[in-house]
Amino acid sequence: MTTAPKPLARVNDFVVKFANVNGSGSASANGLFARSILRMGVPVAARNIFPSNIQGLPTWYEVRIVEAGWRGRRGGVDFMVAMNPQTWDKDVAEIDSGGYLFYDSTRPLPPSKFREDVTVLGMPLTAICNAQYSDVRQRQLFKNVIYLGALSALFGIDAAEIERLLAEQYRGKEALLDSNRKALALGREHALEAFDCPLGLRIERRDRVGNRIFIDGNSAAALGAVYGGATVAAWYPITPSSSLAESFASWCRKLRTDPATGRRRHAIVQAEDELSSIGMVIGAAWNGARAFTATSGPGISLMQEFLGLAYFAEIPAVLFDVQRGSPSTGMPTRTQQADLLTCAYASHGDTRHVLLFPEDPRECFELGALAFDLADRLQTPVFVMLDLDIGMQDWLCEPLTWDDHHRMDRGKVMTADELDAGRDFGRYLDVDGDGIPWRTYPGTHPSKGSYFTRGTTKDRYARYTEEGPAYVDNMQRLLRKFETARTLLPRPEIADAAQPTPAGVIWFGSTGAAMSESLAELERQGIHLDRMRIRAFPFHDSIAEFIAAHEHVFVVEQNRDAQLKMLLVNECGIDPARLTSVLHYDGTPITERLITREIAERARLFLPGIGYQRTGIRKVS
Amino acid sequence: MTYLAKPKLHHPGLPRNALGYTRRDYEGAISTLCAGCGHDSISAAIIQAFFELDIAPHRVAKLSGIGCSSKTPTYFLGSSHGFNSVHGRMPSVLTGAALANRDLIYLGVSGDGDSASIGLGQFAHVLRRGVDMVYIVENNGVYGLTKGQFSATADKGSRSKRGAVNNDEPIDLVLLALALGATFVARGFSGDKAQLVPLIKAAVAHRGAAFIDVISPCVAFNNHPGSTKSYDYVREHNEAVNRLDFMPEREPIGVEYPEGGARDVVLHDGGLLRLRKLDADYDPSDKVRAMSFLEAHRAKGEVVTGLLYLHPDSDDMHAALQTVDAPLNSLSDAELVPGNAALAAINGSLR
């Protein structure tokens, strides 16, 4: 006989997961749930886990209520809203012992479908809806709002906050607002009567959100492109990047319409494929516009030939790669950091590209805007490496800011006046010693500064040649240019542990969300790690120095083959044995629990004075 | 050799156009194509057309893909920026360039391999997008640079120089261009400069996607008996539907009177296109009849040339996208970057 554990009781620190059917209208209600908690001053980390499907397949929404403000996934589920019979068994199994199961009890289920160590909260949602609404669609949509009402009662969420959110959402649509309000109250009243509200898991009002904003990385990156001065966007729809291009269109409608004429200060083309979208970006950038595309792994694969051209002919281009589960079609709606190698060395032959690694939507905005300055300055493609977790999920971030004194850095562009003044123009001439040549825009001058752009070998004056020395001269200059790039890119963020340690940890991108929490937990367990978050490739010198300064270095990343580690080994000449990988690549965002466990298990092997026990790490006295 | 520029010695007596340029100002480097290549005749026609149109060479951007035809932009308009892109992808690069600066003239040069084989997709989409450009395919039915393989425009049953027989149906780019929504569709012959030069001039004046398929015999690999793209075959089977005269706006109209049936069309820039009909049945404004006319003559083994279709009220991609009049590449920080105050308002909407 097993004894049921005590039901979990925690304030502002638990995980709620919604199991829904795709296309059932649950997303709106689930989003309201997360936002209402934010309005109560309590931070949340929310994630949609959705299928590559429009209707019918399972979809989940995970809301981590976390007063401490951690933005990653914790791992585990404390409260399951099980609205999808297809995934029932798996969903029920996922609940942490002592947790809760909320479900639609209209149709009875056999006892074998439940767990003894989980508190079951059944509510006849379908029956309530059927009694209340005659319209089939209303029955489905309002079922979501009714369970939202019930959850507000169970967790002690202030219903007024949800009502305010509804009022904002349905401003000007009073009939809809009223019916949503009624459904909310219906669910709330039913729960207040049927259950002992609030539960041990509950929300209490705090002031821990401040002026932070809730935004997804794709929207933020698109806004970065607006602020970065992009005027041409060419793209091909592909999950999880499509919303970036669509968001750019929507920001531009608001921010880039000529007030006098209503005409557009931007052009967006949905291309026929990714080859065409990168071709358009390259054509536009060659002709002096700031241009970008948004894509994901399969699109990057298709763009390879053009990327080699842009590298070799030295044409600026900005690519937002919202990485997803791969290779091939892979897991289109799941997250990974697995395009590093294919982007770093994209195309045939000796190539190398600039990569930027935003850690959250705010940095998608900042690095998204910066990418255009870097591309123009370096005259080469710049990849902004998002992933699905950053790109498509709403994250709680510091507000976005912009320096109004900033001016676009268009790089080395020779004007008609400079040409008239007799400046020598050689398109591939390294006049400044930094490997970056000067360029002219087409149409600049009637008789000076024109040149022929080609993917074939050329001399310093852009003349076709098949001479070996001219080829080598050009390739060496490109290397010099990438030495310059190293100094211009965002530096890594490096911080020391609370006490001196021979161990360090390196990560990049969305891993940061779980990483910062894991570092705190490891420290609590007595495992101290100096830390470095890499923000760009090619690597700054401080990255090799950090590795050299530590005996043991963990590299945490979300792919199978340890691609960041490979890049570090390859680019910094590091003995692979010095780097220990912590890898996660099942398509879900990496969790604090996983990082902590993996590092703690390994750390006990080499960190003196650290013992290991099942529940974690403790110091051996 | 390409890297040997032609000496820029101007004969003082060379005629000058309205901008003061001589023909030499529209030339490029010395061609490296085979002697007698049809492509060189097309380059000469381009040089003449732009000279006669009084277009400043640096206001033209010339773009190409890969192949013999795509090498030719080096051999004309030496003061224009040129872009020899990747195989079959000139249309997307040209589209991007046209998006960036609507004030330049875009000339895309491609071949049958570049446009009908590897680049068929981009060929299709650039036409249906209405990119304001002149798109010339120098069509010889073979891959020259790789020594004589068939392209997708080679006739079924035709025999290569090495004796291989082509079993695949040919793609007629003119029919395709009509189906895809090109608003100016013509076919020329590299050996008929009198027809080709006005076709190019009219295509430049046209607003929207103008496509010219130019049959251009390959002297090295496809000029033998049995080839429908040889000089002899095309000369014998050329069915020209019309002859064109193109008069830019500033020229007085009506200096020359048509012989027989004629039709005047005013183009967007005010220039006048005078079509002297050679075939009384042919109406270039009727797309459906144009398509059946082409098919009927193709069945008879005839190569129809001339202006085959013209949409006189066409518009271009920029009109569809509602972009501002100023070239996008000329917009300043003030016009593009909304500033911190706008960002503060955005932050407010995200809480």
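Reader: Let's start with the domains. How many Å separate the centres of domain 3 and domain 4 of chain A?

Author: The centres, taken over C-alpha atoms, are 42 Å apart. Bear in mind as we go that this is a predicted model.

Reader: Where do the domains of chain A begin and end?

Author: The assignment gives domain 1 as 10-202, domain 2 as 215-397, domain 3 as 416-488 and domain 4 as 493-619.

Reader: How do I read the radius of gyration of chain A?

Author: Set it against what a compact globule with 621 residues would have, which is near 25 Å. Chain A comes out at 27 Å, so it agrees with that expectation. Along the principal axes, its C-alpha atoms fill a box of roughly 85 × 70 × 40 Å. The chain has 20 helices and 25 strands, and 52% of its residues count as buried. Contacts add another angle: taking pairs at least 6 apart in sequence, 75% join residues at least 24 apart.

Reader: And what does chain B look like on those counts?

Author: Chain B holds 12 helices and 13 strands, with 53% of its 351 residues buried. Its radius of gyration is 21 Å, which agrees with the value near 20 Å for a compact globule of 351 residues. The C-alpha box is roughly 75 × 50 × 50 Å. Of the contacts in chain B with a separation of 6 or more, 71% come from residues 24 or more positions apart.

Reader: Now the place where the chains meet. How many residues of each chain are involved?

Author: People often describe an interface by the accessible area lost when the parts come together. Here we have a contact count instead: 58 residues of chain A touch 49 residues of chain B. On the chain A side, elements giving two or more residues include strand 9 (213-216), helix 7 (217-227), helix 11 (304-313) and strand 17 (452-454). Helix 9 of chain A gives the most, 9 residues. Sorted by class, this side of chain A has 31 nonpolar, 16 polar and 11 charged residues.

Reader: Which strand of chain B does strand 17 of chain A pair with, and in what sense?

Author: The general idea is that strands of a sheet pair through backbone hydrogen bonds, either parallel or antiparallel. In this case the partner is strand 2 (residues 81-84) of chain B, and the pairing is parallel over 3 bridges. Residue by residue, A:Phe452 stands opposite B:Gly82, and A:Thr453 stands opposite B:Phe83.

Reader: What else does strand 2 of chain B pair with?

Author: Strand 1 (residues 60-64) of chain B runs parallel to strand 2, joined by 4 bridges. B:Phe83 turns up again there, opposite B:Leu63. Both faces of strand 2 are covered: B:His81 and B:Phe83 on one side, B:Gly82 and B:Asn84 on the other, all buried.

Reader: In what order do the strands of the 7-stranded open sheet of chain A run?

Author: The order is 11-10-12-13-15-14-21, with mixed pairing. Strand 11 and strand 21 (536-537) are at the edges with a single partner strand each, so one side of each has no neighbour in the sheet. Inside that order, strand 12 (residues 291-295) and strand 13 (residues 317-323) run parallel through 4 bridges, and A:Thr295 faces A:Asp321 in strand 13.

Reader: How should I read the nonpolar core?

Author: In soluble globular proteins, nonpolar side chains tend to be buried together. The largest core here has 269 residues, and those touching the most other members are A:Val44, A:Val232, A:Val281, A:Ile282, A:Ala317 and B:Ile200. Helix 4 (residues 136-155) of chain A supplies the largest share, 11 residues. Take A:Val281: beyond its sequence neighbours, its contacts include A:Val232, A:Phe292, A:Ala317 and, from chain B, B:Gly96. There's also a second, separate core of 6 residues, with B:Val142, B:Phe150, B:Ala154 and B:Phe221 among them.

Reader: Last one: is B:Ile136 buried or exposed?

Author: B:Ile136 has 30 C-beta neighbours inside 10 Å, so it counts as buried. This residue is in strand 4 (residues 133-139) of chain B. Leaving out residues up to four places away, B:Ile136 touches B:Ile42, B:Gly108, B:Val109, B:Ile212 and B:Val214. B:Ile200 is 64 residues from B:Ile136 in sequence, with 8.8 Å between their C-alpha atoms.

Definitions and conventions: Residues are numbered from 1 along each chain as its sequence is written. Chains are lettered from A and ligands numbered from 1 in the order in which they are written. This is a predicted model: local features need pLDDT of at least 70, side-chain atom pairs count only at pLDDT 80 or more; totals for chains, interfaces and linings use all residues. Two residues are in contact if their C-beta atoms, placed from the backbone, lie within 7 Å. Ala, Val, Leu, Ile, Met, Phe, Trp, Tyr, Cys and Pro count as nonpolar, Asp, Glu, Lys and Arg as charged, and the others, Gly among them, as polar. Two strands pair if DSSP finds at least two bridges between them. The radius of gyration is taken over C-alpha atoms; the globule rule is 2.2 Å times the number of residues to the power 0.38. A residue is buried if 20 or more other C-beta atoms lie within 10 Å of its own, exposed if 12 or fewer, and partly exposed in between; C-beta atoms are placed from the backbone. A nonpolar core is a set of buried Ala, Val, Leu, Ile, Met, Phe, Trp, Tyr and Cys residues joined through C-beta atoms within 7 Å. Domain bounds come from an automatic or database domain assignment.
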